[in-house]
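Me: I would like to go through the aromatic contacts of this model one at a time, with the reasoning spelled out for each.

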Amino acid sequence: MAGSYFLFAYKNIKRRPIRTLLAGSAIAMSVSAMVVILGIGIGYRKALTAEIEKSGYQVLVTAKGCPYEAATIMLKGGGGLRYISEDIFYRIAKDPLVSTITPQLIHIAHDTDENRRMFLLGVELESFLKLKPWLKFNSGKGFSGTDADEVIMGYEAAELEQRHVGDELYLSGIEKSFEVAGILERSGSQEDGTVFLPLRTLQRISGHISKVTGMGLRLRDAGRFQELFERLYKIPEIQVVSMGKVREKFLFLFGRLKGLLIAVGVVALLISIVSLINTMLMSVFERTSEIGVMKAVGAGPWDILRLIWAESILISLLGWIIGIIFTAISAGTVTCFFARILPYAPSGNLVLVPFQLLAASLASTIMLGVLAGTYPALRASLMRPAQAIRRSAQ
């Protein structure tokens, strides 16, 4: 029986395709906005957690400054690099709480001709790979020496530069060529786009002899972080950042932005409800004669209610379908947009729409259709047959 109402409603909305499409588009915009906002909340949290776990570090040690800016620089590179003496690295390495420690020197090679930059990372390969055991060689091997003019390329960096093991890689800004010693397998982390050099080599060519931009470390007992923090706090040149704290801070900053986005989404939702109510009221007004005849031949108020509700729900479902398709198509663009405005954007697609979110959005859209169709449906169901027929004849 319910199917006949939806079939009749479907025939009605087909008669007014432009109006139906406009009302559906308003709903599509609100559905897409809310799904993107909630989906990016899920995706950002998951991607951030995965990226921090794949950093391999429990603790970052960097030069004094904003700790979260320092963490961003260590994870992704960027401007405003600060340097600390390598002597501090050896001092921290002797701490009994430190299990593994690796120094890093970040350098950005700028190619002014092509207006792009290359992220260079100077490492001590053995300790670096010990903290990141998932990094494997796709081809080639490690450096031949601690001061060799060689590079190891991340998978995406090698693809972008179209380099293979044994090729020469010319670094603009440094104005020097390096032999490609190895290429890493794809890891899904920031290392995919990184070019690695021996620490001593990058110190030499960048002019930062005996300097590092930071170091990552693991503790013998993670529960004793506070004890290590209090000990290292006495070294005035450095700051110590727990990666767990970094994750919490970035999620807090994102949460504030997400709150603003939800407010925008709610406004879009209200606009779509008003648009659908207006569409259904116009539909009821235009079909006054039909409704009067239906009531005259025995249709009750409940039948009219269900008919108008069916029409409203169908329009809402059309909007939901358009909104989900638009969300899927625009996910990459949305990720690029948020990567620019967020304080820290992890790698990968930030818009994650699990089945539960799709199901919740579908249920919410159906409820929206029922809500928006209630007033027009009540108005139609309360019409008197004779009055409705007389009004349409005037």
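Me: Is F196 buried or exposed?
Reply: Since the model is predicted, this is a statement about computed coordinates. The relative accessibility of F196 is 2%, and the cut-off for burial is under 20%, so F196 counts as buried.

Me: How many aromatic pairs are there?
Reply: Rings count as a pair if their centres lie within 6.5 Å. By this rule, the number of aromatic pairs is four.

Me: Are the ring planes of F128 and F196 stacked, edge-to-face or tilted?
Reply: The two ring centres are 5.4 Å apart, and the angle between the planes is 55 degrees. Planes under 30 degrees apart would be stacked and those over 60 edge-to-face, so the pair of F128 and F196 is tilted.

Me: How many residues apart in sequence are the parts that this pair of F128 and F196 ties together?
Reply: F128, which is itself buried with a relative accessible area of 2%, belongs to helix 5, residues 125-131. F196 belongs to strand 9, residues 195-198, so the pair ties together parts whose separation in sequence is 68 residues.

Me: Which of F229 and Y233 is exposed, given that their rings pair?
Reply: Their ring centres lie 5.9 Å apart with the planes at 35 degrees, so this pair is tilted. F229 has a relative accessible area of 25% and is partly exposed. With a relative accessible area of 56%, the exposed residue is Y233.

Me: Which residue has its charged end over the ring of F178?
Reply: The charged end in question sits 5.9 Å from the centre of the F178 ring, and the distance cut-off is within 6 Å. The residue is K176.

Notes:
Residues are numbered from 1 along each chain as its sequence is written. This is a predicted model: local features need pLDDT of at least 70, side-chain atom pairs count only at pLDDT 80 or more; totals for chains, interfaces and linings use all residues. Side-chain values use heavy atoms; hydrogens and water are left out. Rings of Phe, Tyr and Trp (its six-membered ring) pair if their centres lie within 6.5 Å; planes under 30 degrees apart count as stacked, over 60 as edge-to-face and the rest as tilted. Helices (H or I, at least four residues) and strands (E, at least two) are DSSP runs, numbered from the N terminus. Buried means under 20% relative accessible area, exposed over 50%, partly exposed in between (1.4 Å probe, protein chains only). A charge sits over a ring if NZ of Lys or CZ of Arg is within 6 Å of the ring centre and within 35 degrees of the ring normal.
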